[in-house]
Amino acid sequence: MSKGKKVTIIILSILLSIILALLGTLFALTHVGKSQFHKGDTHISADAVNVEDENTITYNGKKYTLNKNIVSVLVMGIDRDNVNQSYGSGNNGQADVIFVATIDTKTKKTTIIPISRETMVDVNLYTADGKYAGSNHEQLCLAYAYGNTTEENSLNVLTSVKRLLFGININSYITIEMNGVKKLTDLVGGIELASLEDIKTKKLELSKGQKITLNGEKALTYIQYRGDDVEANNRRMARQKQFLSTLMNRTGNAILSDFSKLGKYYNTLTPYFSTNVSFAQITYIAQNCLTTNFGDAIEYKVIDGALSQGEKWVEFVADKDSLLQAVIDTFYIEQN
């Protein structure tokens, strides 16, 4: 064999070894990621639900099986800078954006359960030195204030969300300061959309239906702007839904065209978020669930309820039947 052929074979062997190593790492990451999502899967607990066995429940005369292909993450957007700094229990700000994102890794179906920040729920209270001080029935957004670390703040919101959603197992969270949304918007080159309402602020002035490409700064104003009337937060949630779907399209398409961008986005945004979701879990989701125009395929659940002006704040009391149906439709499979 000639010297040239030998060199070629050696180079090809090295390249093949590198590719196999990368594939092995990717396989390991996805396997570990899947197992981390399913720690402690359990059935929901509600008076209207009957648990038949470890796999089956009945509700309204129908049987349902817990979908083991579902992975879920509680996502919170907080209203302050420096997500990793604590200002002491009771003083850590509020969770402005709250939603549960789920993905069926078998069917690729993505579902979001948006939860109004004004939803009334039992919230655990903690003293300045971290001692449990009972609970109070108040707005869900306030749960983030209690705790002495970002992890404690986030888990306190997670606890209240699980109470609201009948104990369904959600053990992963991502907490993002709003500057992270600004950064990601600029990373993907801006977000183009048509304004859902008239907005007039110092930073952004739009008419309903007006098309615009939002940079990071304007995007923040668009999703944070809120009027003073009772329905103001509902309109803001509609804008957040619109923006999120478009943002997911942009980032998902970018990652599909160049998978290395997943690591780039992750590393760039690290200073702006806190999470107990590992990179292995993120890799598992990206590998199994990303499709072209990912955001357009997201199904958003609608939670009915009563909205009113409380003694201090606007209060949203979620309809239990609506909540329960949303949870069952998202986390269970109806048996034929």
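**Exercise 1. The four-stranded sheet**

Task: In this predicted model, give the strand order of the open sheet of four strands and state which strands are at its edges.

Solution.
1. The order is β1-β2-β3-β18, and the pairing is antiparallel.
2. The edge strands are β1 (49–51) and β18 (332–334), each of which pairs on one side only.
3. On average, neighbouring strands of this sheet are turned by 35° against each other, direction ignored.
4. The pairing of β3 (residues 62–66) with β18 is antiparallel and runs over three bridges.
5. Threonine 65 has isoleucine 333 in β18 as its bridge partner.

**Exercise 2. The length and surroundings of α2**

Task: Work out what span the 15 residues of helix α2 should have at 1.5 Å a residue, and compare this with the distance between its end C-alpha atoms. Then find which elements the buried residues of α2 pack against.

Solution.
1. Helix α2 covers residues 150–164.
2. The expected span is 1.5 Å times one less than the number of residues, so the 15 residues of α2 should span 21 Å.
3. The end C-alpha atoms of α2 are 21 Å apart, which agrees with the expected value.
4. The buried residues of α2 are Thr150, Asn153, Ser154, Asn156, Val157, Leu158, Ser160, Val161 and Leu164.
5. Their packing partners include the strands β4 (70–78), β5 (95–104), β7 (120–126), β9 (173–177) and β14 (273–275). Helix α8 (320–331) is also one of the elements they pack against.
6. Just after α2, phenylalanine 166 takes a positive phi of about 60°.

**Exercise 3. Threonine 330 in α8**

Task: Decide whether threonine 330 counts as buried or exposed, and list the residues it touches beyond four places away in sequence.

Solution.
1. Threonine 330 is placed in helix α8.
2. Its relative accessibility is 6%. Buried means under 20%, so threonine 330 counts as buried.
3. Leaving out residues up to four places away in sequence, threonine 330 touches Ile70, Thr102, Thr111, Ile113 and Lys301.
4. Threonine 330 and threonine 110 are 220 residues apart in sequence, and their C-alpha atoms are 9.2 Å apart in space.

**Exercise 4. How α4 meets α5**

Task: Classify the crossing of helix α4 and helix α5 from the angle between their axes, and name the residues in contact.

Solution.
1. Two packed helices are described by the angle between their axes and the distance between the axes.
2. The axes of α4 (residues 216–224) and α5 (residues 232–257) come within 8 Å and cross at roughly 140°.
3. Angles over 145 degrees count as roughly antiparallel, and 65 to 115 as roughly perpendicular. The crossing angle fits neither class, so α4 is oblique to α5.
4. From α4, the contact involves Ala219, Tyr222, Ile223 and Gln224. From α5, it involves Arg236, Arg239, Gln240, Gln242 and Phe243.
5. By class, this contact has four nonpolar, three polar and two charged residues.

**Exercise 5. Isoleucine 191 in β10**

Task: State where isoleucine 191 lies and which residues it touches beyond four places away in sequence.

Solution.
1. Isoleucine 191 lies in strand β10 (residues 191–194).
2. With a relative accessible area of 0%, isoleucine 191 is buried.
3. Not counting residues up to four places away in sequence, isoleucine 191 touches Thr185, Ile212, Thr213, Leu214, Phe243, Thr246, Leu247 and Arg250.
4. Phenylalanine 243 is 52 residues from isoleucine 191 in sequence and 7.7 Å away in space, C-alpha to C-alpha. Phe243 also belongs to the contact of α5 with α4.

Note on methods
Residues are numbered from 1 along each chain as its sequence is written. This is a predicted model: local features need pLDDT of at least 70, side-chain atom pairs count only at pLDDT 80 or more; totals for chains, interfaces and linings use all residues. Side-chain values use heavy atoms; hydrogens and water are left out. Helices (H or I, at least four residues) and strands (E, at least two) are DSSP runs, numbered from the N terminus. Buried means under 20% relative accessible area, exposed over 50%, partly exposed in between (1.4 Å probe, protein chains only). Contact means heavy atoms within 4.5 Å. Two strands pair if DSSP finds at least two bridges between them. Axes are lines fitted to C-alpha atoms, for helices over the stretch in contact, and angles run from 0 to 180 degrees between N-to-C directions. Angles under 35 degrees count as roughly parallel, over 145 as roughly antiparallel, 65 to 115 as roughly perpendicular and the rest as oblique. Ala, Val, Leu, Ile, Met, Phe, Trp, Tyr, Cys and Pro count as nonpolar, Asp, Glu, Lys and Arg as charged, and the others, Gly among them, as polar.
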